[in-house]
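Trainee: I've got a structure open and I'd like to learn how to read it. Can we go through some features together?

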Amino acid sequence: MRRFAPLLAATALLAALPATAAAARVPATPMVLPGDATAASVRTDRSSWLVGSVPGSRAARIARAHGAVPVLAGSWKAPARRARALAGALRAQGLLTYAEPNRLATLKQRQVADDPLTSRSRWRDTVIDPLLTPPAVLPSSPLLALVDARADVTHPEFSRGAHVGVLPGNAVTIGHGTATLATAAAPANGIGMVGAWPGMRALNVPLPGAGISCADSAAGVRRAVRNGAKVINMSYGSGDFCQTEYQALQLATRSNVVLVAAAGNEFDQGNPLEFPASLPHVLTVGALTPDNKAAYFSNANAAMDLVAPGVGIITAVPPSLRPPEGDRSGYLAEDGTSFSAPIVAAAAAWLRQVRPGLRADQIAQAIRLSATDINSKGFDSSTGFGKLNLAAALVKDPPPYAPDPADPRKPTPVSDPQEPNEDIPYVNGRRFGKPNAAIYKGRGVTRLSALIDYYEDPADVYRIRVPRRSSVTVSTRPSFGNPDLSLYSRKARHAGMKRSRHRLARSRHSGMRVDTVHYRNPRSRSVVVFAYVSNTPGRKTTLDAGYVIRVARR
């Protein structure tokens, strides 16, 4: 993705971010247990705690012996009173990976006065050309999962022409889930309003109506993936980072799922970073007013990707609920990034149907880079790349590019390989239970095209197998931006630390110069080392970079 920023603008952008902004890149792995000072500042479900382990049967036996239940593979929800003992038992076996409070999140909704459904609400037409014919909805069409409060799928809005479902769990207690579902998927059936992709395949994955914990979010994302979601919408958030939620999103990224989240509605309340919106591999969506301006409440930061209508969105709500969550007419005008996000999520599913050859990262790139610029020229923290433009996304080829084998003069988009791979635990098996394949095994030459972005994809790590008593050369050739290259030993737990005794070599040339490192394996057997490619914006750089990594025997 190209996040160009002039020198002064880029400096101002980074300086204006809150101190916590670094957590929106690759957040530090937490190790917080009940009673720690850090835990007291987090809004949590105080009855439970989240503890991470290396996936496997040994960790499972230990976790269950301490009363823990699985949230994800290698992630456990334990009674808070037993979390320390569980962490200690896992640590003794070398299996502990993190521990954190089970923090709470809120739905990203702003309520406005009741407004009857009228033809004057043209929010859809501003981002989806009314001349575009929606693709036919087939049983094989990409499924959008909305992890949200339980939706009322018996609403008259879904009575004809709808392809919506809801998973078991919880009851309809608030209108938020119904409203986001309708915003994305309400069919064109002569009843009420029309969603972004009318009649699309959509699935409501119910969360509790209030007090959404980190475990709830992670479990909801996991359920969405297991039920075949190709796009996941998350119109909720918290000001506190949660490793378990982050791990669920990384697993979804590994499953080739497009992730979309509401940026948050707290700009006028301190403009905090919101999670999951600020995490890597998530399309962060802000709210747009009818006059093409960022809504006064829509959060702004360098993780912002684009904006979509989020003010005066007339959508369905359960008529059985009392106001402000429901209305006897079954419809309300809603404000909030909660309603901007499902518009973008529906567009992503539409794009996946029309361009099935693109992977999730390419879909996200096409949506970002085709947005209509509406604020200061280029990327900015309040509107990202601009306003959603589905018609342009349908024909946008996202970078990086490589020569087409049939016609070397014609560049074609290349998917970013082996994502997510921001840090060593995501490629060596400690997070997912199975290591990534080595990109080089000692023969021939390996070349891969890839992207990194300071916020969306801050680093790439690759496993390289070096044969016994041999040497390899690893290089990165920039296609734009300023990628840097380091090499770490097999004993390294994390990459990118300022000081690490396990770093074998580093090259940090600026601009378009090639970075190169060498390594000789003196052992009598092959060993694995890790190549780490990163991009830290500085003077005269962009927030992102493209590169080709090359590995060969020296």
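Trainee: Let's start with serine 140: where is serine 140 placed?

Mentor: Serine 140 sits in the loop between strand 5 (110–111) and strand 6. Keep in mind that this is a predicted model.

Trainee: Is serine 140 buried, partly exposed or exposed?

Mentor: The cut-off for exposed is over 50% relative accessible area. Serine 140 has 63%, so serine 140 counts as exposed. There's also a spatial link to look at: the C-alpha atoms of serine 140 and arginine 201 are separated by 9.1 Å, with their positions 61 residues apart along the chain.

Trainee: How should I read the sheet order, then? What is the order of the open sheet of 7 strands?

Mentor: Read it as the sequence of neighbours across the sheet. Here the order is 7-8-6-10-12-13-14, and the pairing is parallel. Strand 7 and strand 14 (306–309) are at the edges with a single partner strand each, so one side of each has no neighbour in the sheet. From one strand to the next, the twist averages 30 degrees.

Trainee: Can you show me some pairs inside that sheet?

Mentor: Take strand 7 (residues 163–166) and strand 8 (residues 201–207), which are joined in the parallel sense by 4 bridges. Glycine 165 has leucine 203 in strand 8 as its bridge partner. Strand 12 (residues 258–262) and strand 13 (residues 282–288) also pair in the parallel sense, over 4 bridges. There, leucine 259 is partnered with valine 282 in strand 13.

Trainee: Which helix makes a β-α-β unit with strand 7 and strand 8, and what is the hand of that unit?

Mentor: Helix 4 (residues 176–185) does, and the unit is left-handed. Helix 4 lies across strand 6 (143–149), strand 7 and strand 8, and runs at about 160 degrees to strand 6.

Trainee: What about checking a helix's length? How far apart are the end C-alpha atoms of helix 5?

Mentor: The idea is to compare an expected span with the one in the model. Helix 5 (residues 214–226) has 13 residues, and at 1.5 Å a residue they should span 18 Å; the end C-alpha atoms are 18 Å apart, so the two agree. The buried residues in helix 5 are Cys214, Ala215, Ser217, Ala218, Gly220, Val221 and Ala224. After helix 5 comes glycine 228, with a positive phi near 90 degrees.

Trainee: Now a loop residue. Where is serine 370 found, and is serine 370 buried or exposed?

Mentor: Look for serine 370 in the loop between helix 8 (360–369) and helix 9 (390–393). The cut-off for buried is under 20%. Serine 370 is at 9% relative accessibility, so serine 370 counts as buried.

Trainee: What is serine 370 in contact with, beyond its neighbours within four places in sequence?

Mentor: Asn389, Ala392, Ala393 and Lys396. For alanine 393 you can look at the atoms: its backbone nitrogen lies 3.4 Å from a polar atom of the serine 370 side chain.

Trainee: And aspartate 397?

Mentor: Aspartate 397 is in the loop between helix 9 and strand 17 (401–404). With a relative accessible area of 33%, aspartate 397 is partly exposed. The C-alpha atoms of aspartate 397 and valine 414 are 9.5 Å apart, for a sequence separation of 17 residues.

Trainee: How does an antiparallel sheet read? Which strands form the open sheet of 4 strands?

Mentor: You follow the neighbours in the same way. The order is 19-26-21-24, with antiparallel pairing. Strand 19 (445–453) and strand 24 (515–521) are the edge strands, each pairing on one side only. Neighbouring strands of this sheet are turned by 20 degrees against each other on average, direction ignored. Within the sheet, strand 21 (residues 470–480) and strand 24 run antiparallel and are joined by 7 bridges. Valine 472 stands opposite tyrosine 519 in strand 24.

Trainee: Which residues does leucine 504 touch, not counting those up to four places away in sequence?

Mentor: Leu487, Tyr488, Ser489, Tyr519 and Val529. Leucine 504 itself is in strand 23 (residues 503–507), and is partly exposed at 37% relative accessible area.

Conventions: Residues are numbered from 1 along each chain as its sequence is written. This is a predicted model: local features need pLDDT of at least 70, side-chain atom pairs count only at pLDDT 80 or more; totals for chains, interfaces and linings use all residues. Side-chain values use heavy atoms; hydrogens and water are left out. Two strands pair if DSSP finds at least two bridges between them. Helices (H or I, at least four residues) and strands (E, at least two) are DSSP runs, numbered from the N terminus. A crossover is right-handed if, with the strands pointing away from the viewer, the path from the first strand over the helix to the second runs clockwise. Axes are lines fitted to C-alpha atoms, for helices over the stretch in contact, and angles run from 0 to 180 degrees between N-to-C directions. Buried means under 20% relative accessible area, exposed over 50%, partly exposed in between (1.4 Å probe, protein chains only). A polar contact is a pair of N or O atoms within 3.5 Å; within protein, one must be able to donate a hydrogen and the other to accept it, and residues adjacent in sequence count only if both atoms are side-chain atoms. Contact means heavy atoms within 4.5 Å. The expected span of a helix is 1.5 Å times one less than its number of residues.
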